[in-house]
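I opened this notebook to write down what I looked up in the structure, one topic at a time.

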Amino acid sequence: MIKYKANQTRTYDGEGFKRRAACLCLRNVDEDEVLLVSSSRHPDQWIVPGGGMEPDEEPSVAAVREVYEEAGVKGKLGRLLGIFEQHNQNRKHRTYVYTLIVTETLEDWEDSVNIGRKRKWFKVEDAIRVLQNHKPVHAEYLRRLADTCSPHYRPVCCPRAMDSKAPHYVVCSTQDSELFNR
């Protein structure tokens, strides 16, 4: 565990990956619209809400907490889409990505007040295009959603061809927690 900023900590797993969690916030069970938030570093760019896990925090709990803080929404947590690994320069992230059907939208929320964060609904196809250039791993989350679009669909692992420029990621089974290397 490494301390940074005032009261925040970053936790790493045994392989040196920063532990993160995120949710694809969906407008309804049709899973055709997703909520993106403005980046804190680049306010003109959109991202999927998510962030670092606290020590001993379960991934699903962290995902719901991060969505509440960053997007100001609450909802019904759905399935685990996968565990995505990203390697950039000296950083390694392992992100658990869930679906969440939004049931409540706050007028003001922590990041809107503190840093002026915005949120916006996008059709899934449009969100993929918006994310592709600056957050390709976030676009990959949405491609995974499209591959598993029904809430009742529970694949073990459906490997897809990856662009050689795309970040490496591992997709876990949505039925259990085994990892499948790609």
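Leaving aside neighbours within four places in sequence, which residues is leucine 24 in contact with? I looked this up in what is a predicted model, and I found contacts with Val34, Val48, Leu81, Val97, Tyr98, Thr99, Leu100, Tyr141, Leu142 and Leu145.

**Entry: the cores.** I then turned to the largest nonpolar core, which has 20 residues, and I noted that Leu24 and Leu142 are those with the most contacts inside it. Going through the elements that supply this core, I listed β3 (18-26), β4 (33-38), β7 (73-88), α3 (124-132) and α4 (136-147), each of which gives at least two residues. The most comes from α4, with five residues. I also found another core lying apart from this one, made of 16 residues, among them Ile47, Leu80, Tyr98 and Val102. As background I wrote down that nonpolar side chains tend to be buried together in soluble globular proteins.

**Entry: the whole chain.** To set these cores in context, I looked up the totals for the protein chain and found four helices and eleven strands. The chain has 182 residues, of which 46% are buried. Of the contacts with a separation of 6 or more, 63% are between residues 24 or more positions apart.

**Entry: helices α4 and α1.** Since α4 had come up in the core, I checked its length: the helix has twelve residues and reaches 16 Å from its first C-alpha to its last, close to the 16 Å expected at 1.5 Å a residue. Its buried residues are Val137, His138, Ala139, Glu140, Tyr141, Leu142, Arg144 and Leu145, and I marked Tyr141, Leu142 and Leu145 among them as contacts of leucine 24.
For helix α1 (residues 59-71) I repeated the check, and its 13 residues should span 18 Å at 1.5 Å a residue, which agrees with the 17 Å between its end C-alpha atoms. The buried residues of α1 include Pro59, Ala62, Ala63 and Val67, and also the charged residues Arg65, Glu66, Glu69 and Glu70. Just after this helix, I noted that glycine 72 takes a positive phi of about 65 degrees.

**Entry: positive phi outside glycine.** Most residues other than glycine have a negative phi, and with that in mind I looked up two residues. Glutamate 31, in the loop between β3 and β4, has a positive phi of about 55 degrees although it is not a glycine. Aspartate 56, in the loop between β6 (50-52) and α1, also has a positive value, with phi near 65 degrees. Is each of them buried or exposed? Glutamate 31 is buried, with a relative accessible area of 8%, whereas aspartate 56 is exposed, with a relative accessible area of 78%.

**Entry: aromatic rings.** My count of aromatic pairs came to two. In one of them, the rings of tryptophan 46 and phenylalanine 122 have their centres 5.6 Å apart and their planes at 70 degrees, and because planes over 60 degrees apart count as edge-to-face, I entered the pair as edge-to-face. The pair links distant parts of the chain, with tryptophan 46 in strand β5 (residues 46-47) and phenylalanine 122 in strand β9 (residues 119-123), 76 residues apart. Both tryptophan 46 and phenylalanine 122 are buried.
I also looked at the ring of phenylalanine 17, and found the charged end of lysine 92 sitting over it, 4.5 Å from its centre. The charged end of arginine 94 sits over the ring of phenylalanine 17 as well, 4.0 Å from its centre.

**Entry: cysteines.** How many disulfides are there? The count is zero. For cysteine 23, the nearest cysteine sulfur is that of cysteine 25, 5.6 Å away; a disulfide needs the sulfur atoms within 2.5 Å, so this pair does not qualify. Cysteine 23 is buried, with a relative accessible area of 0%, and cysteine 25 is buried with a relative accessible area of 0%.

**Entry: a loop residue.** Last, I looked up serine 40, which lies in the loop between β4 and β5. Not counting residues up to four places away in sequence, serine 40 touches Ile115 and Arg117. The C-alpha atoms of serine 40 and arginine 117 are separated by 6.8 Å, while the two residues are 77 residues apart along the chain.

Conventions:
Residues numbered from 1 in each chain as written. Predicted model: local features only at pLDDT ≥ 70, side-chain atom pairs only at ≥ 80, totals over all residues. Heavy atoms only, no water. Expected span 1.5 Å × (residues − 1). Buried < 20%, exposed > 50% of the residue type's maximum accessible area, 1.4 Å probe, protein only. Phe/Tyr/Trp six-rings, centres within 6.5 Å; stacked < 30°, edge-to-face > 60°. Lys NZ or Arg CZ within 6 Å of the ring centre and 35° of its normal. Core = buried A, V, L, I, M, F, W, Y, C linked by side-chain atoms within 4.5 Å. Contact = heavy atoms within 4.5 Å.
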